[in-house]
Amino acid sequence: MNHKISIALAADADLSAIQRIIERTALLDPAMVPPMMAPWLDGDEAEALWLTARVDAEVIGVIYARAEPVTNGCWNVLMMAIDPDVQG
């Protein structure tokens, strides 16, 4: 079965789904996610970027990127995780 995947900016409502994905992929301690996301969720988009991958309304993946300090418009993806249940 084919599913249409969409990419969206992460929002407050996505936090628990992002933590679940981080826990299931064991990339880092899920308790680290709220403080890492706090500036983003407070509207500071200058230093970090949080994106979600979705199938329908369900968050199935997350990307965390940071602006590269000595560049203009270059971002470094530091974390990319997909829920193991949907990995093919």
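This report walks through the charged residues of the structure above, from salt bridges to a surface patch.

A word on the model comes before the details. The structure is a predicted model, in which local features need pLDDT of at least 70 and side-chain atom pairs count only at pLDDT 80 or more, while totals for chains, interfaces and linings use all residues. Residues are numbered from 1 along each chain as its sequence is written, and side-chain values use heavy atoms, with hydrogens and water left out.

## Salt bridges

Searching the whole structure turns up four salt bridges, a term that here means a side-chain nitrogen of Lys or Arg within 4 Å of a carboxyl oxygen of Asp or Glu. Three of them are set out below, with the N to O distance for each pair.

| Pair | N to O distance |
|---|---|
| Arg54 and Asp14 | 2.7 Å |
| Arg24 and Asp83 | 2.5 Å |
| Asp85 and Arg24 | 3.2 Å |

Let us begin with the bridge between Arg54 and Asp14. This pair links distant parts of the chain, as Arg54 sits in strand E2 and Asp14 in the loop between E1 and H1, 40 residues apart. Helices (H or I, at least four residues) and strands (E, at least two) are DSSP runs, numbered from the N terminus. Strand E2 itself covers residues 48–55. Are the two partners buried or exposed? Both Arg54 and Asp14 are buried, where buried means under 20% relative accessible area, exposed means over 50%, and partly exposed is in between (1.4 Å probe, protein chains only). For Arg54 the relative accessibility is 15%. Arg54 also has Ile5 at 5.5 Å, C-alpha to C-alpha, although 49 residues separate the two in sequence.

## The network around Arg24

Arg20, Arg24, Asp83 and Asp85 are linked in a network of salt bridges. Within this network, the side chains of Arg24 and Asp83 meet at 2.5 Å, N to O. Because Arg24 belongs to helix H1 and Asp83 to the segment after E4, their pairing ties together parts that are 59 residues apart in sequence. Strand E4, which precedes Asp83, runs over 75–82. The same two side chains are joined by a polar contact of 2.5 Å; such a contact is a pair of N or O atoms within 3.5 Å, and within protein one must be able to donate a hydrogen and the other to accept it, with residues adjacent in sequence counting only if both atoms are side-chain atoms.

Arg24 also forms a salt bridge with Asp85, at 3.2 Å between the closest N and O atoms. Since Asp85 lies in the segment after E4 and Arg24 in helix H1, this pair ties together parts that are 61 residues apart in sequence.

How exposed is each of these residues? Asp83 is buried, with a relative accessible area of 4%. Arg24 is partly exposed at 37%, and Asp85 is exposed at 62%.

## Exposed loops and a negative patch

Asp12 is found in the loop between strand E1 (5–9) and helix H1 (15–25). Its relative accessibility is 55%, so Asp12 counts as exposed. Together with Asp42, Asp44, Glu45 and Glu47, Asp12 forms a negative surface patch. Patches are made of residues with over 30% relative accessible area and no salt bridge, with like charges joined within 9 Å and nonpolar side chains (Val, Leu, Ile, Met, Phe, Trp, Tyr) within 5 Å.

A further loop, between H1 and helix H2 (33–41), holds Ala31. Ala31 counts as exposed because its relative accessibility is 53%. Its C-alpha atom is 7.6 Å from that of Gln19, which is 12 residues away along the chain.

Technical notes
Areas by Shrake-Rupley, 256 points an atom, 1.4 Å probe, with all protein chains shown as cover. Lys, Arg positive; Asp, Glu negative; His and termini not counted. Charge placed at Lys NZ, Arg CZ, Asp CG, Glu CD.
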